[in-house]
Amino acid sequence: MFGHKFKEEQFSFGKNVVQVNNGSFGSVPTTVLQKYKEAIDLDHEFSDRYLLYKLPGTLKEATAQVAEFVNSDVNNIVFTMNATTSVNTVLRSYPFVKGDKIAMFDITYGACANTVKFLSKRQGIEVVTVELKLPLEDDEIVEKFEATLKEEKPKLALFDVIVSMPGIRLPFERLIEVCRKHNVLSLVDGAHAIGILPLDLKKWKPDFFLSNLHKWLYVPKGCSFLYVDPKHHRNIHTFPVSHSYLDDEEVLSEELEKTRLVDRFAFYGTFSYAGIDCIPAALEFRRTVCGGEEKINDYCFKLAKDAANHIAKQWNTSILENAKGTLSTTMSNVEVPVNDQLLQFLKKDKKNIVKLRKTVDPLMLKEHNTLLPSIFHNGKLWVRFSAQIYNELSDYEYASGLFLKLLEENEAHILSL
Ligand SMILES: Cc1ncc(COP(=O)(O)O)c(C=O)c1O
């Protein structure tokens with residue numbers, strides 16, 4: 001059912017585009033894109049009517065549907081523009097005091113890691129970094145994390161559900177438990193989560209959890225949900241702080257306390273709500289056209305794995321995977337065969353991968369209608385495959401063959417940079 005024919009029928013990619021990098025910016029089915037354009041038109045026909053009259057109903061419906069999808073109380077779910085904003089909303093609201101520590105892995109998404117670094121400069125937060133040299137077993141990741149929490153006693157730990165680069169899943173459910181056990185706040189960055197894994201916030205009870213709906217759920221940009229445990233509703237403020245601001249200490253009636261968080265986030269500065277407006281349409285597409293979450297995920301998980309096996313075999317290299325096979329999801333990572341000279345160059349300075357990407361990526365994008373993101377991790381060069389319902393094995397053959405060809409053709413140039 002899925003694959004290239006489905007792509008032709010249901011998506012609106014440009015001519016000859018071979019999208020194997022859904023993980024970066026997501027993909028939107030044509031019917032949902034249509035709904036997005038209608039929402040933009042409706043907004044611009046008469047913004048006062050759209051934003052003041054229609055928006056409250058749109059938000060209520062979208063919140064209810066997302067809350068049900070992730071098993072949360074509706075009053076704990078709000079929307080922001082993207083995962084970076086959701087992370088900033090928490091980190092820049094929480095009343096940290098000088099000397100508080102924040103723990104994170106060294107492979108934490110760069111933008112969010114920078115937010116922590118910013119806090120360290122501005123507020124005297126101490127950053128505690130846990131190094132991961134992958135592949136590792138889940139037990140090893142949990143042990144390293146727990147040892148750091150025991151030793152450093154951070155106030156909060158920031159960790160990803162699925163790390164961006166390399167694209168690997170962390171045992172985040174267990175990391176949340178470890179945080180609870182050691183009285184550390186959990187800020188779970190599930191930028192890649194909704195649309196890949198079934199989410200159960202009532203069961204996991206993190207302090208904070210966020211996910212991008214515009215990555216894997218087929219919602220147009222920019223749309224992230226942020227879950228905040230009720231015990232933190234008073235401390236979390238919109239980013240930017242806006243009209244709806246209420247001081248942490250301000251007490252509301254029992255009834256208004258329940259909706260304290262969602263009321264604050266109902267409107268906090270003018271932006272386009274067209275993405276949020278499309279949430280019901282995206283969920284409907286998943287249910288009706290795709291046949292539900294299991295069908296989507298079965299296809300994408302299998303394809304990511306098959307593609308990685310296939311290309312690693314062709315290249316005679318390895319897959320970034322552990323013995324239990326828990327690291328790969330709808331994204332997988334394959335080692336690129338490189339000669340010793342290039343390997344030494346990449347080892348010498350961690351900025352050298354940027355030189356490689358600045359050479360290869362534009363060629364792939366401009367001349368060949370595809371992109372394979374690459375990363376240097378634990379002494380090896382890897383490419384990340386994203387699998388979506390419109391992909392087939394031949395897409396990965398095309399993109400990886402091209403990547404290797406461009407790398408070989410441009411190696412002398414890369415080494416000279
Ligand atoms: C783990 C992780 N966190 C945060 C982000 C940032 O997402 P956005 O650009 O939508 O803010 C990404 C994007 O790839 C990500 O992979």
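**Exercise 1.** Find which residue stands opposite Gly-190 in β6, and describe how β5 and β6 are joined.

*Solution.* Begin with the pair itself: Gly-190 faces Ser-211 of β6. The model is predicted, so local features need pLDDT of at least 70 and side-chain atom pairs count only at pLDDT 80 or more, while totals for chains, interfaces and linings use all residues. Residues are numbered from 1 along each chain as its sequence is written, and side-chain values use heavy atoms, with hydrogens and water left out. Next, take the strands: β5 covers residues 185–190 and β6 covers residues 208–212; the two run parallel and are joined by four bridges. Strands here are DSSP runs of E with at least two residues, helices are runs of H or I with at least four, and both are numbered from the N terminus. Two strands count as paired if DSSP finds at least two bridges between them.

**Exercise 2.** Give the strand order of the open sheet of seven strands, and state which strands stand at the edges.

*Solution.* Read across the sheet: the order is β1-β7-β6-β5-β4-β2-β3, and the pairing is mixed. At the edges are β1 (77–80) and β3 (126–130); each has a single partner strand, so one side of each lacks a neighbour in the sheet. Then take the twist: neighbouring strands are turned by 20° against each other on average, direction ignored. Angles run from 0 to 180 degrees between N-to-C directions, with axes as lines fitted to C-alpha atoms, for helices over the stretch in contact.

Now add the helices. Helix α4 (residues 47–69) packs on this sheet, touching β1 and β7 (224–228), and its direction makes about 115° with that of β1. Contact means heavy atoms within 4.5 Å. Helix α7 (residues 138–152) lies across β2 (101–105), β3 and β4 (156–160), running at about 155° to β3.

**Exercise 3.** Identify which residues come nearest to the ligand, and list polar contacts to its oxygen atoms.

*Solution.* Start with the shell: 13 residues surround the ligand, and Thr-84, Asp-189, His-192, Asn-212 and Lys-215 come nearest. A residue is near if one of its heavy atoms lies within 4 Å. By class, the shell has four nonpolar, six polar and three charged residues. Ala, Val, Leu, Ile, Met, Phe, Trp, Tyr, Cys and Pro count as nonpolar, Asp, Glu, Lys and Arg as charged, and the others, Gly among them, as polar.

Next, the polar contacts, which are pairs of N or O atoms within 3.5 Å. A backbone N or O atom of Ala-83 is 3.3 Å from a ligand oxygen atom. For the side chain of Thr-84, an N or O atom is 2.5 Å from an oxygen atom of the ligand. In the case of Lys-215, a side-chain N or O atom is 2.8 Å from a ligand oxygen atom. Taken alone the ligand exposes 390 Å², and the protein buries 89% of that; areas come from the Shrake-Rupley method with a 1.4 Å probe. The elements giving two or more residues to the shell are α5 (83–91) and α10 (213–216).

**Exercise 4.** Locate the cis peptide bonds at Pro-166 and Gly-222.

*Solution.* The bond from Met-165 to Pro-166 is cis, with omega near -5°, and Pro-166 is in the loop between β4 and α8 (172–181). The bond from Lys-221 to Gly-222 is also cis, with omega near -15°; Gly-222 is in the loop between α10 and β7.

**Exercise 5.** Describe the open sheet of three strands.

*Solution.* The order is β8-β10-β9, with antiparallel pairing. The edge strands, β8 (331–335) and β9 (374–377), each pair on one side only. Five bridges join β8 to β10 (residues 380–386), and Asn-333 has Arg-384 in β10 as its bridge partner. Helix α17 (residues 352–368) lies across β9 and β10, at about 165° to β9.

Key: A polar contact is a pair of N or O atoms within 3.5 Å; within protein, one must be able to donate a hydrogen and the other to accept it, and residues adjacent in sequence count only if both atoms are side-chain atoms.
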